[in-house]
4 protein chains.
Amino acid sequence: MTTIEKRDRRYVEALCQRYRRWGAWGADDERGALNFITPEILVRAVALVRTGRIVSCALPFDENGPQSGRFGGRHNPIHAMLQDGGDIAFGAQDHLDELRFTDDSVTMPLQCGTHWDALAHIFHKGRMYGGHGVEYVTSKGAARNGIEKVADGIAGRGVLLDMPRYFGVEWMRPGHAITSEDLAGASRQQGVEVRSGDIVLIRTGQIAQARAEGTWGTYEAGDAPGLGVDSAHWIYENEIAAVCTDTWGAEVQPNDTDEVFQPLHLILLVNAGIHLGEIFDLENLAQVCAGEGRYEFLFVAPPLPITGAVASPVHPLAIF
Amino acid sequence: MTTIEKRDRRYVEALCQRYRRWGAWGADDERGALNFITPEILVRAVALVRTGRIVSCALPFDENGPQSGRFGGRHNPIHAMLQDGGDIAFGAQDHLDELRFTDDSVTMPLQCGTHWDALAHIFHKGRMYGGHGVEYVTSKGAARNGIEKVADGIAGRGVLLDMPRYFGVEWMRPGHAITSEDLAGASRQQGVEVRSGDIVLIRTGQIAQARAEGTWGTYEAGDAPGLGVDSAHWIYENEIAAVCTDTWGAEVQPNDTDEVFQPLHLILLVNAGIHLGEIFDLENLAQVCAGEGRYEFLFVAPPLPITGAVASPVHPLAIF
Amino acid sequence: MTTIEKRDRRYVEALCQRYRRWGAWGADDERGALNFITPEILVRAVALVRTGRIVSCALPFDENGPQSGRFGGRHNPIHAMLQDGGDIAFGAQDHLDELRFTDDSVTMPLQCGTHWDALAHIFHKGRMYGGHGVEYVTSKGAARNGIEKVADGIAGRGVLLDMPRYFGVEWMRPGHAITSEDLAGASRQQGVEVRSGDIVLIRTGQIAQARAEGTWGTYEAGDAPGLGVDSAHWIYENEIAAVCTDTWGAEVQPNDTDEVFQPLHLILLVNAGIHLGEIFDLENLAQVCAGEGRYEFLFVAPPLPITGAVASPVHPLAIF
Amino acid sequence: MTTIEKRDRRYVEALCQRYRRWGAWGADDERGALNFITPEILVRAVALVRTGRIVSCALPFDENGPQSGRFGGRHNPIHAMLQDGGDIAFGAQDHLDELRFTDDSVTMPLQCGTHWDALAHIFHKGRMYGGHGVEYVTSKGAARNGIEKVADGIAGRGVLLDMPRYFGVEWMRPGHAITSEDLAGASRQQGVEVRSGDIVLIRTGQIAQARAEGTWGTYEAGDAPGLGVDSAHWIYENEIAAVCTDTWGAEVQPNDTDEVFQPLHLILLVNAGIHLGEIFDLENLAQVCAGEGRYEFLFVAPPLPITGAVASPVHPLAIF
């Protein structure tokens, strides 16, 4: 990579074209870079399991989540009880023989907490991954690239890149952009070789910061550390299957581009077909990786197959 | 097991007491029989993966699900778009540089589709698993035994027992109760030995019937094949960690007990601490197991950690 | 009116043009025929009140409503408690001094029960009332003709036309189309003169039928009695301000037109700017009118000013 | 009224007993002080209409409302489109002949905006109005005193008491408690005599303050001007049918009592059976009253008859 004069619309467009994979797995493909995870790769990922320890990478889904409704009406999950202990106590179920039950319901924007972006989530110049137009996402949901199209996944080899550890800080500061060199450097420092089909989890530490400071601060749609536009090279060239981060939007905020909002969503998701995971809680994972002295594991993070959804909440598990 | 005169309230109560595990893993335990899945058992389960094939065991979450609202106000998922292709086409996002996005939300009873029952879902004589009273489940959710308490799971060795195959039928008829002998027989016939810590998936074929007949029929809260009360012996004695079925409520309907509704929910969930999975789609799994000639696999089915929830939708994966 | 050869697309289009009022109250008008209700007319309507008797014209909003989700995902209201008596009993509010409270929430399609259609609800050839295009209704709601634009209403002189009484039947049969002659005849028979600015309530008796038969039957989006396309003449010429009926969709089903679904929605709502009220419960009203021997009253039916909504639930009151 | 030493638990309890009306309209009464509005009173209220001018007293129901979720999970209305202009443009309704439609849905806590508290909303010492216990409000809603029980109302003579005008300020400051003397004084100053069966609307100006300052500030569950505990005398003795204010909770915040939260909710709603209206927008009304030189009008504010609801959104209309 050479010195960049200006990361403007033209620059991003060049990367979009350079890293476009439309048709790479057939004209009808709706799985994108997840195709890199072959059965053989999954079998090798499974072989990483040695201690049987499971680490959850999800935030709790509740009213303490990061959403305030500031962005696009996204609110924290609203959990309501349809039947609870009071109903039992008051005899509301006395028509049932012996058994008593509780029941509940949730209302949640699909990106309110730990979630996968579907390939139908982002459009650029009127096109989503595969070149499909906006007419494929109506009030009835996405007719192409919905999250249910990757329902028989997402599982593979997970690799954590712990960037604060690499930079020698507790957490990265908002505005700090991660480059391809940084990703390569962290992988070298951690002694983990990245391979085709890997799911890469990139920790910035912003959730640690929020916990330490007792406030979500700018976490939701505000200033954040994250991937810079030039991280695209490393991610594309290494044939990464999916990228997950611990921030609201994966990318550094403010973006390190002029004229383009969230450029990596255009380059990686729309063009390279890479699913993005956001609001993953990587704090425990980072501690376990450091403790075990290894940054690779079996990673299983199945989205709910909500038909036509452009995202899905997920409970991702790292298994050591 | 001896001939049963009458399976009444007293009979079920005797089984509840005989199979009670409260305190077996400490007074504060909220994981129940999932404790049987030790790290070693998970490591051995992982070793079952040989071909890298993943089989989804979830129904699509959409308006074609089995719920009509007949039982307890449970409806199929309501998926709504917060932003869609039309908004993009009409310029609603033209304040953004280059990027355009879609966004969505869901409202769903947590047991509307493929789901885990939490240990806080069922009460008997005012007590749930561990002996906690109804006051622990309020409008704010479950303060004990909520689904988030098993968030770093649920994964282990999965074993499918394909009961229609065992009985030599396409699908079991509503009202047909599965016994302990049937479970043992199916396991023998399939050549799979059941062990402590297994997650057992029991197929009745009722989803196959619904598909063949083009209607959910009595699937929702109506007549169904399923586990009879005497299946409790085999499930308890084999130290099964969790039981999943392809029906609305796991148990045969009408129940084969007098005076007690859903007796296994009382015996197994409330007393033996066994999480129940319901509305699992086991049709593809049955075909793959028959094709591969083996009925054991790595099974990963992580509930969403919705704080205080008494159930969770789940996308269960069987990995071969 | 002459004998009609064929009520086809061309016929309806002719009526659309003949009865178009776009611009009649200014290019920016968003109130349509409600403009006929002048303050003077409202003052005269108020003078109709003599006994102080109030008659509700709303169905209860609950799970017994007519919606099954068959049409467009419309379901009955989902009412959930955020705090209830059980929470109080269990001490969940013991941090409060003395006071205890209950609290609740609702999720409802705005047309699930008794409701007003906003002028933004219907489009014909890409245009709604006033000629505005589809781009004015996005995921954020209606930027033109939303229900909040008539928030300082809807009140005026109400006139009930009790069609089953006119026809001498208990209720009109599905498929029976009401004509302009019928409306004029009923008004004559009942001794009530219809005037400019009236809100006309047209009873078919379909709710009475549903109650008598204990089932909603075809009420929701199925066969129904109702207004025929030729009722448009009478409604337009009499300068009716709004039309309310006791059926799901106001119009006879199947429609008495070829090639056009719900033609009056096009003629009256889109072109003549007439708000339509649907699923109004006119059973008590009919009894009271018969008892009082008069079919006119003060009618107050204020929609909720939900910003950008294309309909609103309403509790309409007839005051005698 | 004598000088008060201390307004503590005992003081409030004395007022609760003094002003208790349980049984005043029969043991089964669920309408409370609304019974004061006789048909004759409504007829006289109607006679107040002279100009036909309608003034809305509702806030818009949208995301700009006062709720942040801080109190009890109450959020602003969530409005979602089920079908919108984009769907029409993209041909999603091309199976329909000619007609195209939009459709929408709302999710809202029933007290998120302008609303009535039902008599089932508040409990004191385990009892609500009429003496009914907490067991009458379960997850299925209120079996007694639900808002649907006053469905054939609420309409009568409205009287605005414009307190900032009385005090000679733009708006009352948070913490300023309105007394019985203040209410009597304002009524005298405005030249309006209050009578049995009146619906009294009490303006504090807090909404004006929020608008002027561009923020809701402490409006939601925080410091506010409002009724002091000693306003109970005037309200009770004048046989007021219902009380509406322009604040979140009607009462001064912090409350002017020790040991009791929201004492008037206990005295007036629980004991005297008085429905409370909250978050009413009285700004336009105050201007119109001042302009017309009269503070009385026909007031129509029908709650939605949501079965078992403990509150209802409402669009109140003052008609002059």
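The paragraphs below lead through a predicted model, from its confidence scores to two chain interfaces and then to two places inside single chains.

Residues are numbered from 1 along each chain as its sequence is written, and chains are lettered from A in the order in which they are written. In this predicted model local features need pLDDT of at least 70, side-chain atom pairs count only at pLDDT 80 or more, and totals for chains, interfaces and linings use all residues, while side-chain values use heavy atoms and leave out hydrogens and water.

The model scores ipTM 0.97 and pTM 0.96. For chain A the mean pLDDT, the predictor's confidence in each residue from 0 to 100, is 96, and 98% of the residues of chain A reach 70 or more.

The size of an interface is often given as the accessible area lost when the parts come together. Chain B and chain A bury about 6600 Å² between them (the accessible area, with a 1.4 Å probe, that two parts lose on being put together, summed over both), and carbon and sulfur atoms account for 65% of it. In chain B, Glu98(B), Leu99(B) and His315(B) lose the most area to chain A, together 10% of what that side buries. The contact, meaning heavy atoms within 4.5 Å, takes 81 residues from chain B and 81 residues from chain A. Between these chains there are six salt bridges, each a side-chain nitrogen of Lys or Arg within 4 Å of a carboxyl oxygen of Asp or Glu. Glu98(B) also meets Arg9(A) in a salt bridge, at 2.6 Å from N to O.

Chain D and chain B form another interface, in which ten residues of chain D are in contact with ten residues of chain B. The area buried there is about 580 Å², with 57% given by carbon and sulfur atoms, and the count of salt bridges between chain D and chain B is zero.

Inside chain D, helix α8 covers residues 263-271; helices here are DSSP runs (H or I, at least four residues), numbered from the N terminus. Nine of its nine residues are buried (under 20% relative accessible area, 1.4 Å probe, protein chains only), so α8(D) is largely enclosed by the rest of the structure. Just after α8(D), Gly273(D) takes a positive phi of about 70 degrees.

In chain B, Glu283(B) lies in helix α9, residues 283-292, and is buried, with a relative accessible area of 13%. Leaving aside residues up to four places away in sequence, Glu283(B) touches several residues, among them Arg203(B), Arg211(B) and Asp246(B).

Notes. Helix = DSSP H or I, 4+ residues; strand = E, 2+ residues; numbered from the N terminus. Buried < 20%, exposed > 50% of the residue type's maximum accessible area, 1.4 Å probe, protein only.
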